[in-house]
Amino acid sequence: MLRALNSKWAGFVLAILVILGGLSVLFFGKLESNIVYFVTPTELLAKGDLAYEKPVRLGGTVKKGSIEWDPQAISLKFLLTDGSKEIPVASHSTPPQMFQDDMGVVVEGKLFRNDSFQADRLMVKHSNEYRPPKEGEKPTLLYKDLLK
């Protein structure tokens, strides 16, 4: 009887250890490599060599007058700033319709050794008060209200 009880406890403890081991591997191993951190240009550049060629979400404001959009080549370039530091961003995707100067944006991608950020994804920040345009209303005017 005592031997059977010890056998059950040993199986239970072994199962708990296997589960904890699996969760540890997920949490400290594979999960860590899949996490994309959100940083500002100042925070990213402060990382030094650790900043390069790792996926991050970079947030900031589009510097006024820095947007270069080539629709033929589908090439977008602009400077992303947090007011202290700025990073040149390049993307080969069509920008969102609301994208413009002085707008808050979040880009996902990697910083390369030439200090340029290659964005795979670009998201614009706007207020939560979105509503579809009414009939006859120009969407561009509605977007201006959203960006305030």
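Ile74 counts as partly exposed, because its relative accessibility is 36%. The residue lies in the loop between β3 and β4 (75–81). Its phi is near 50°, a positive value in a residue other than glycine. All of this is read from a predicted model.

Asp115 has a backbone angle of this kind too. Its phi is near 60°, again positive in a residue other than glycine. Asp115 sits in the loop between β6 and β7. At 36% relative accessibility, Asp115 counts as partly exposed. The table sets the two residues out.

| Residue | Loop | Phi | Relative accessibility |
|---|---|---|---|
| Ile74 | between β3 and β4 | near 50° | 36% |
| Asp115 | between β6 and β7 | near 60° | 36% |

**The overall plan**

Now step back to the whole chain. The protein has 3 helices and 7 strands. Read from the N terminus, their order is α-β-α-β-β-β-β-β-β-α. The protein has 148 residues, and 26% of them are buried. Its accessible surface is about 10500 Å². Carbon and sulfur atoms account for 59% of that surface.

Contacts also link distant parts of the sequence. Take the contacts with a separation of 6 or more. Of these, 47% are between residues 24 or more positions apart.

**Strands around β7**

Which strands pair with β7, and in which sense? Strand β5 (residues 86–91) pairs with strand β7 (residues 117–124) in the parallel sense, over 3 bridges. Strand β6 (residues 104–111) runs antiparallel to β7, and 7 bridges join the two.

Gln118 in β7 shows both pairings. Ala90 stands opposite Gln118. Lys110 stands opposite Gln118 as well.

β6 and β7 also form a hairpin, with 5 residues between them. Asp115 is in the turn of this hairpin, with its positive phi of about 60°.

**The nonpolar core**

In soluble globular proteins, nonpolar side chains tend to be buried together. How many residues does the largest nonpolar core have here? It has 22. The residues with the most contacts inside it are Leu44, Leu58, Phe78, Phe99, Val105, Val107 and Phe117. Five strands, β2, β4, β5, β6 and β7, each supply at least two residues of this core. The largest share, 4 residues, comes from β7.

Leu58 gives a view from inside the core. What does it touch, beyond residues up to four places away in sequence? The list begins with Phe38, Val39, Thr40, Pro41 and Leu44. It continues with Leu80, Ile87, Val105, Val106, Val107 and Phe117. Among these partners, Leu44, Val105, Val107 and Phe117 are also named with the most contacts inside the core.

**A buried serine**

Is Ser66 buried or exposed? Ser66 counts as buried, because its relative accessibility is 12% and the cut-off is under 20%. Ser66 lies in the loop between β2 (56–62) and β3 (68–70). Its side chain reaches the backbone nitrogen of Leu79 at 3.1 Å. Leaving out residues up to four places away in sequence, Ser66 touches Lys77, Phe78, Leu79 and Asp101. Of these, Phe78 is one of the residues with the most contacts inside the largest nonpolar core.

Conventions. Residues numbered from 1 in each chain as written. Predicted model: local features only at pLDDT ≥ 70, side-chain atom pairs only at ≥ 80, totals over all residues. Heavy atoms only, no water. Buried < 20%, exposed > 50% of the residue type's maximum accessible area, 1.4 Å probe, protein only. Contact = heavy atoms within 4.5 Å. Areas by Shrake-Rupley, 256 points an atom, 1.4 Å probe, with all protein chains shown as cover. Polar contact = N/O pair within 3.5 Å; in protein donor to acceptor, adjacent residues only side chain to side chain. Pairing = 2+ DSSP bridges. Core = buried A, V, L, I, M, F, W, Y, C linked by side-chain atoms within 4.5 Å.
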